[in-house]
Amino acid sequence: MLISLNKLKELLPEINLDTSITKVINSLGFEVESIEKFADVEGLKFGIIKDLYINPNDKRLTVTTVEHNQGTSIIQTTDTILKVGDLVVFFPVGSRKNDFIFSEREIKGIKSEGMFAALSELNYKHELVDKNGDHVLVLPKDFASLNDDPIKKLGLDDYIIDISTTANRNDANSYFTLANEISAYYNKEFNFNFTEVKNSFESNLKVEKKLANELMFFEVKNTNKIDTDLQTRLFLAKHDIDANLGFFVNLTNLTLLYTGATCHVYDSDKIGNKISCDLFTGKTNILGNKEVEVKNALAIYDENGEISLASVMGLEKSKVTDQTVNFAFEIGVFNPSQVRHSAKEIKMQSNSSNQASRVISPEISVRALNFLRTNLAQFNMSNVVNCPENLTKKEIKMNYEKLALYAGVTLNEVKSKFSETLIKLSKLGFEFTDETVKVPNYRYDIEFFEDIIEEIFRFYSYNNFEPVQPNIKPLLTKTRDSLKELIQSNGYQEVRTFSLISKIKNQLNPFNFDNTVSLLTFVSKEREQIRNSIIPSLQEVVEHNQKRKIELLNIFEIGMINYNQFVCGIASTIKNYFEIKQDILNIFKFNNVEFKPFKDNSMIHPNVSAKIYVENKLVGWIGKIHPKSDNTDAFYAEILLEKNTQKVKFSDINYEPLKTIDLTFILNKDEYISQKINEIKNVTNVFDIVQIDEYHKENTKNVTLRIYGTEQEIELINNKYNK
């Protein structure tokens, strides 16, 4: 989830937030993937166009006089939209954008003292804010004064934080939940700023939940045309959300960002009065006027048919337009698996479907309802139909003995140690007594007291626990050679086929054997030669299963080809080339391996296949069979075994505890860490190397390896890489 630091500051005015908030977010158990400055600019100014004329030396240029807080400047532009009196933003002489410093220039005989700013120059995607094109940014006249700082007014001083939440904390994909937890971390109360709105009229809608867990509706009528303010549109654009869809649709997107709940708005004059949720099969037109055909997609119905695909996509026939004056808002809670199915049926993901594909609790949906109604308070609004009542809290038995055990303190110490932490959690809706813990409704992920302990430790902060070295002494041992088990652990199922095949099917010879072994006598034409590759046999298995509608296959076989040559063959309709390639590296642990294009065999697909060389010797291949000889569209791989499988040699157990060292390598996007692993293995014979982290930047990636070895081996590695 993308988070604006400026928005967090706005929601938490009592806390002095800066970029160090990422440490708090990580401490709370959410992973900060990155934090980046939104726009790298300095020195921008607001200006008012006082005069403009065409450059007599070039009719494509307009010369303008711009008034600003330090006088006037002459700026030339090719844009033709400017008028006298327009409020604009510009880069004056001495200002900066990234590494470029603006200076005065003479253009076609007339000086130009800077450059006007369009949205794209300010790091916004202009198509998300202004559908009229990437023109010079002309602002509403009351947007700012000439003394205001454009960097602050336009949110250019913002930082965007990319946060990953755990799969069981869907509620945390929202500003309100994150702000609430940060507030509790600092032992502050978070104010949602919801207002109670009085009903202006009684809705005629009759809502039946049916397959929905919750389904709420309310109406807004007789609205005047209203536009979303620029700062809100810019906020939506920072989250890659189109802000050109009108005030009411923009509000539903804001609801998703702030609360984590999905909602939908309809033109209430286009829908009936009897609303329900049920499965839909058939053709319908989704937004964008695209016809789709779905089977058992979860839909919202009125008495005349489907009006939207629940939490996935609206429909053309009920959509809001510029002419809509009466609106119906829907907030629903649906089965996540049904939402995922519906999204697959239309072959399209939306922000709404991504969020609703995981659990949304009733309390979060009510939070969304309150947010909507607070922001619609200026309009005539109906009562809420089907609002959840009495949001229950789950009760879990309090167990101070278990808490003391996990915390490593005595029973007498445990209450005083965590007293402040329990106060913090109470600000999030938890209720503690000596006998029970009541869990807020939105925390659907908490089931056991161990989950309560995790919450207590999160807000106490793991950094406050004194680390204790565990008494573990790993032994330097060797594992047995178990190739089949290793392949199976990578998701492949073993199959068994005949070594004998027909002459017609024995055309594939990737290893270029000089002679084909033919039987002098044979029972059937299907079994007249020993195969030159194991792949035709696996191809038969794939075809056999596909004819029986079993499409997803990961299979392997270890068997004989040609004259007593053993190979391992792999076939997959699930994994792609790169995934199988990585499996081969993980399973066979080749040193000095190279993958070279496989283009000299007419049976092999030349564009997606590669030969595998180890120390310049051909040991296998990976790719596809040429389409003229294959209908499976599967990826295959074949590895020679007797030349590469190492026999295990046993040695005496070394009782010396293993040491570890972590090394981080900066690689290009197209580099593989296997090269560094092979390099380390050439330095010394370490016990094991494990990849523990991988962090991607724009053009590079950081990969961290943990290396296990004896003290002498780790010292050798440290001397080589940590000079």
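Which residue just after H15 takes a positive phi? Select lysine 549: its phi is about 65 degrees. Keep in mind as you click along that this is a predicted model.

**Stop one: helix H15**

Step back from lysine 549 and select residues 535-547, which make up helix H15. The helix has 13 residues, and its first and last C-alpha atoms lie 18 Å apart, close to the 18 Å expected at 1.5 Å a residue. Next, colour the buried positions of H15: Ile535, Pro536, Ser537, Leu538, Gln539, Val541, Val542, Asn545 and Gln546. To see what covers these buried residues, show a set of strands that includes S28 (500-501), S30 (554-561), S31 (565-572), S34 (617-623) and S35 (635-640).

**Stop two: the annotated binding site**

Now select Asp445, Asp451, Glu454 and Glu455, which UniProt, in an unreviewed entry, marks as "binding site". Two of these deserve their own look. Glutamate 454 sits in helix H13, residues 449-460, and glutamate 455 is found in H13 too. Are they buried or exposed? Glutamate 454 is partly exposed, at a relative accessible area of 41%, whereas glutamate 455 is buried, at 3%.

Put glutamate 455 in the centre of the view and show Leu425, Phe430, Arg443 and Ile446 as sticks. Glutamate 455 is in contact with these four residues, once its neighbours within four places in sequence are left aside.

**Stop three: the cysteines**

Select the cysteine sulfurs next. How many disulfides are there? The count comes to zero. Try cysteine 387 as an example: its closest cysteine sulfur belongs to cysteine 263 and is 14 Å away, so the two are too far apart for a bond. For comparison, the cut-off for a disulfide is 2.5 Å between the sulfur atoms.

While you are here, look at the surroundings of two cysteines. Cysteine 387 counts as partly exposed, with 32% relative accessibility. Cysteine 568, on the other hand, is buried, at a relative accessible area of 1%.

**Last stop: residues 38-152**

Finish by selecting residues 38-152, listed by UniProt as "domain: TRNA-binding" in an unreviewed entry. Switch to a cartoon view here: over this stretch the chain is 41% strand and 6% helix. Then draw a distance between the C-alpha atoms at the two ends of the stretch, and you will find them 12 Å apart.

Notes. Residues are numbered from 1 along each chain as its sequence is written. This is a predicted model: local features need pLDDT of at least 70, side-chain atom pairs count only at pLDDT 80 or more; totals for chains, interfaces and linings use all residues. Side-chain values use heavy atoms; hydrogens and water are left out. Buried means under 20% relative accessible area, exposed over 50%, partly exposed in between (1.4 Å probe, protein chains only). UniProt positions are given in the numbering used here, feature names are shortened, and annotations may be inferred rather than shown by experiment. Helices (H or I, at least four residues) and strands (E, at least two) are DSSP runs, numbered from the N terminus. Contact means heavy atoms within 4.5 Å. The expected span of a helix is 1.5 Å times one less than its number of residues.
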